[in-house]
Amino acid sequence: MMKFKKVFAIIAVILLAGLYVSALVFALIDNPVASDLLRLSFALTLVLPIFLYIYMWIYKKSKDRRDNRETGLIDEKRLDEAEKEKDND
């Protein structure tokens, strides 16, 4: 998991640096298309980290479920609830 996070963090830093550089370039260019691309760069600067965080969160959750299924681990809370229901019947 740690290697996955490091790789994702490096990719995120490279992409964000590229977006910052492109925003600077588009800000300096006097062209109608450049202003639209500047807005796009700013929007992606905000949206990209959010999407990367959500992707990493979903990956972690799915990996945890897969690991629990493979090892046969059961959530202790669910096990306790099942035992209580069994005792009540």
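This is a short talk on the helices, core and surface of one protein chain.

Good morning. Keep in mind that this is a predicted model. So let us start with confidence. The protein chain averages a pLDDT of 81. Of its residues, 75% score at least 70. How does that vary by element? Helix α1 has the highest mean pLDDT, at 88. Helix α3, residues 76–88, has the lowest, at 66. Please read that last helix with this number in mind.

Now the layout. The chain has three helices and zero strands. Along the sequence, the pattern reads α-α-α. Helix α1 covers residues 2–28. Helix α2 covers residues 32–71.

Next, the inside. How much of the chain is buried? Buried residues account for 16% of the 89 residues. The largest nonpolar core has seven residues. They are Phe4, Phe8, Ala12, Leu16, Leu19, Leu48 and Leu52. Which elements give two or more residues to this core? Those elements are α1 and α2. Helix α1 gives the most, with five residues.

Here is a general point. In soluble globular proteins, nonpolar side chains tend to be buried together.

Let us pick one core residue, Leu16. Set aside its neighbours within four places in sequence. Leu16 then contacts Thr45, Leu48 and Pro49. One of those, Leu48, is itself on the core list.

Now a residue with another kind of side chain. Ser41 lies in helix α2. Is Ser41 buried or exposed? Buried, because its relative accessibility is 4%, and the cut-off for buried is under 20%. What does Ser41 touch? Again leaving out neighbours within four places in sequence, Ser41 is in contact with Leu19, Ser22, Ala23 and Phe26. Leu19 in that list is also a core residue.

Now the outside. The accessible surface of the chain comes to about 7,800 Å². Carbon and sulfur atoms hold 65% of that surface. There is also a nonpolar surface patch of about 860 Å². Which residues make this patch? Leu46, Val47, Ile50, Phe51, Tyr53, Ile54, Trp57 and Ile58 do.

Take Ile58 from that patch. Ile58 sits in helix α2. Why does Ile58 count as partly exposed? Because its relative accessibility is 47%, and partly exposed runs between the 20% and 50% cut-offs.

To wrap up, put two residues of helix α2 next to each other. Ser41 is buried, at 4%. Ile58 is partly exposed, at 47%. Find both in the structure, then look for the core residues. Thank you.

Conventions: Residues numbered from 1 in each chain as written. Predicted model: local features only at pLDDT ≥ 70, side-chain atom pairs only at ≥ 80, totals over all residues. Heavy atoms only, no water. Helix = DSSP H or I, 4+ residues; strand = E, 2+ residues; numbered from the N terminus. Buried < 20%, exposed > 50% of the residue type's maximum accessible area, 1.4 Å probe, protein only. Areas by Shrake-Rupley, 256 points an atom, 1.4 Å probe, with all protein chains shown as cover. Patch = residues over 30% accessible without salt bridge, like charges linked within 9 Å, V, L, I, M, F, W, Y side chains within 5 Å. Salt bridge = Lys/Arg side-chain N within 4 Å of Asp/Glu carboxyl O. Core = buried A, V, L, I, M, F, W, Y, C linked by side-chain atoms within 4.5 Å. Contact = heavy atoms within 4.5 Å. pLDDT = per-residue confidence, 0-100.
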